[in-house]
Amino acid sequence: MNFNYYSLINDSLKQATLDNFEATSAELYEAKQLVLSYIDSFDKKQNLLFTGSYGTGKSHLSVSITKKLMEQGYECLFLSLPKLLTKIKQTYNKEGITEAELLQVIQRVDLLVLDDIGAEQRTVWSNSKLFEILDDRAGKATIYTTNFNSKELKNHVGERNFSRMMESTDVIVMNGSDYRRREFISGEKLRQ
Ligand SMILES: Nc1ncnc2c1ncn2[C@@H]1O[C@H](COP(=O)(O)OP(=O)(O)OP(=O)(O)O)[C@@H](O)[C@H]1O
Ligand SMILES: [Mg+2]
């Protein structure tokens with residue numbers, strides 16, 4: 001089964017690279033250094049969790065990692081969790097890719113990015129799908145991004161999912177101003 005890798009990524013993130021990531025604060029600089037060393041020492045096992053406020057570049061850095069590692073021949077997949085869950089539901093009543101095929105690809109790749117954890121609607125079903133994915137990927141590299149802190153995340157995904165997500169996982173905190181709104185904040189848009 002074939003995925004068009006870039007069809008799954010928002011337009012605004014398609015251009016994201018490590019080179020065009022601006023480290024505008026000490027925290028973001030530190031995040032970039034951690035990402036560089038993650039790529040350098042990629043072992044198909046270590047996980048990362050990006051946490052922080054909106055628009056600070058968590059998804060940007062995650063996409064950048066997949067680009068670098070794909071250049072090195074690794075198979076990577078970037079999926080927003082809410083979109084993935086919608087896609088899984090679509091497989092229930094449509095011809096084409098089955099849920100089993102979709103989960104097989106997710107299980108197989110060297111690196112999976114599960115973007116936007118916590119933006120999905122929390123239901124018993126969503127948590128059990130997340131459980132399947134996390135359990136299938138035990139021992140394989142996964143990157144998570146979320147706006148939640150650890151307590152909120154644990155509440156949202158449940159203890160069993162949280163425990164799996166935190167195993168062999170380095171946490172990268174990225175707070176700061178929203179890059180999407182930077183022009184407005186600097187007043188440039190008002191002056192135009
Ligand atoms: N430090 C940065 N340097 C360059 N571009 C950035 C930076 N931070 C964010 N961007 C750009 O701003 C947009 C939003 O960033 P991104 O999607 O990575 O934020 P996020 O932290 O994932 O936010 P959210 O929590 O809302 O998902 C993207 O187009 C991204 O490329
Ligand atoms: Mg994001």
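Two strands count as paired if DSSP finds at least two bridges between them. In this predicted model, β3 and strand β4 (residues 141-146) clear that bar, lining up in the parallel sense over five bridges. Within this pairing, L111 sits opposite A141 of β4. Getting from β3 to β4, the chain passes through helix α6 (residues 124-136), and the resulting β-α-β crossover is right-handed.

β3 has a partner in strand β2 as well. Strand β2 (residues 76-80) pairs with β3, again in the parallel sense and over five bridges. One contact to look up here is L79, whose bridge partner in β3 is L114. So what about burial? Strand β3 (residues 111-117) is mostly covered, with six of its seven residues buried. As a general point, side chains in a regular strand alternate between the two faces of the sheet.

Now for the ligand. Ligand 1 is surrounded by 20 residues, and the closest of them are G57, K58, S59, H60 and Y179. Two elements, α1 (11-14) and α3 (58-71), each give two or more residues to this shell. The largest share comes from α3, which supplies three residues. As for chemical character, the shell around ligand 1 splits into ten polar, six nonpolar and four charged residues.

Technical notes. Residues are numbered from 1 along each chain as its sequence is written. Chains are lettered from A and ligands numbered from 1 in the order in which they are written. This is a predicted model: local features need pLDDT of at least 70, side-chain atom pairs count only at pLDDT 80 or more; totals for chains, interfaces and linings use all residues. A residue is near a molecule or strand if its C-beta atom, placed from the backbone, lies within 6 Å of it. Helices (H or I, at least four residues) and strands (E, at least two) are DSSP runs, numbered from the N terminus. Ala, Val, Leu, Ile, Met, Phe, Trp, Tyr, Cys and Pro count as nonpolar, Asp, Glu, Lys and Arg as charged, and the others, Gly among them, as polar. A residue is buried if 20 or more other C-beta atoms lie within 10 Å of its own, exposed if 12 or fewer, and partly exposed in between; C-beta atoms are placed from the backbone. A crossover is right-handed if, with the strands pointing away from the viewer, the path from the first strand over the helix to the second runs clockwise.
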